[in-house]
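Please open the structure in the viewer and follow the selections below in order. The tour proceeds from the whole chain to one pair of packed helices.

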Amino acid sequence: MRDLGRTRRRMRAMVRRLDLPRVSTVEELCAAVAERQGRPVELVPRRMRVGEPSGFVERRADVDVIHFEQETSGLHRAHIICHELAHLLCGHLAEPPDPAEEADQVELPTLDADMIRLVLGRSHYDGAAEEEAEILGAELTRGLVLAPGAGTTSQLAPALEHRKGQHV
C-alpha cells in the first residue's frame, strides 16, 4: 500500500524545486513549463467522448499536446491541465517519437487516430503515477495567482454548473 502522505510531501517538495514563476493562468503556467522542459506545450480543447478521461497529454516529436474537456468550468479546466502538466513534470511519458520515423505513413483506415493516441499515449499509467499527477496537479492549480475579485465565491460558482452551463 502506498503512503499518500509521503507522496504529498514529495510532490510539494517538487513544486518548490521547480521554482516556477508566479502566474495567473494555466496558459502562463504551460509557457513556464515549456520553457523549463525545452519543449512547447500546446493546449487543445475538445469534446471528450463517453469513456474518455477529461484530459490527456500526447507527446509528439516536436511538441507536448494537452487535450482537455471543453465543456467544463474554468476551475475544472485549470485542474485538468495542471494534472496533465504534472505527468510531464514527473516524467510519466515515454520519450517523444523520433521525427525521422515516418509513423504518419502507416495506414490503418479502420482505426480512429484520436483513439490510438489516447490508448498509446496515456492509458498505461499505473496507480502511483496517477496519484502523483493528481497531487502535483492540485498543488500547481493551488499555486495559480487568481485575478482580483476571483475569491472563493467566484471560484465555487462555476464548479456548481452543469457541463452544459445549467446549475445543478
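Begin with the surface of the entire chain: its accessible area comes to about 10400 Å², and carbon and sulfur atoms contribute 54% of that area. The coordinates belong to a predicted model. With all 168 residues selected, 35% count as buried.

Next, switch to a cartoon representation. The chain contains 6 helices and 3 strands. Traced from the N terminus, the elements follow the order α-α-β-β-β-α-α-α-α. For a contact map, consider the pairs with a separation of 6 or more: residues 24 or more positions apart account for 65% of these contacts.

Now select residues 74–90, helix α3, together with residues 127–143, helix α5. Two packed helices are described by the angle between their axes and the distance between the axes. Here the axes of α3 and α5 come within 7 Å and cross at roughly 120 degrees. Because angles of 65 to 115 degrees count as roughly perpendicular and those over 145 as roughly antiparallel, α3 is oblique to α5. The crossing of α3 past α5 is right-handed.

Finally, show the side chains at this contact. On α3, select Ala78, His79, Cys82, His83, Leu85, Ala86, His87, Leu89 and Cys90. On α5, the partners are Ala129, Glu130, Glu132, Ala133, Glu134, Leu136, Gly137, Ala138, Leu140 and Thr141. Colour the selection by residue class: how many residues of the contact of α3 with α5 are nonpolar, polar and charged? The contact comprises 11 nonpolar, 5 polar and 3 charged residues.

Terms used
Residues are numbered from 1 along each chain as its sequence is written. This is a predicted model: local features need pLDDT of at least 70, side-chain atom pairs count only at pLDDT 80 or more; totals for chains, interfaces and linings use all residues. Side-chain values use heavy atoms; hydrogens and water are left out. Helices (H or I, at least four residues) and strands (E, at least two) are DSSP runs, numbered from the N terminus. Buried means under 20% relative accessible area, exposed over 50%, partly exposed in between (1.4 Å probe, protein chains only). Contact means heavy atoms within 4.5 Å. Accessible areas come from the Shrake-Rupley method with a 1.4 Å probe; for residues, only the protein chains shown count as cover. Axes are lines fitted to C-alpha atoms, for helices over the stretch in contact, and angles run from 0 to 180 degrees between N-to-C directions. Angles under 35 degrees count as roughly parallel, over 145 as roughly antiparallel, 65 to 115 as roughly perpendicular and the rest as oblique. A crossing is left-handed if the near helix is turned anticlockwise from the far one by less than a right angle, and right-handed if clockwise. Ala, Val, Leu, Ile, Met, Phe, Trp, Tyr, Cys and Pro count as nonpolar, Asp, Glu, Lys and Arg as charged, and the others, Gly among them, as polar.
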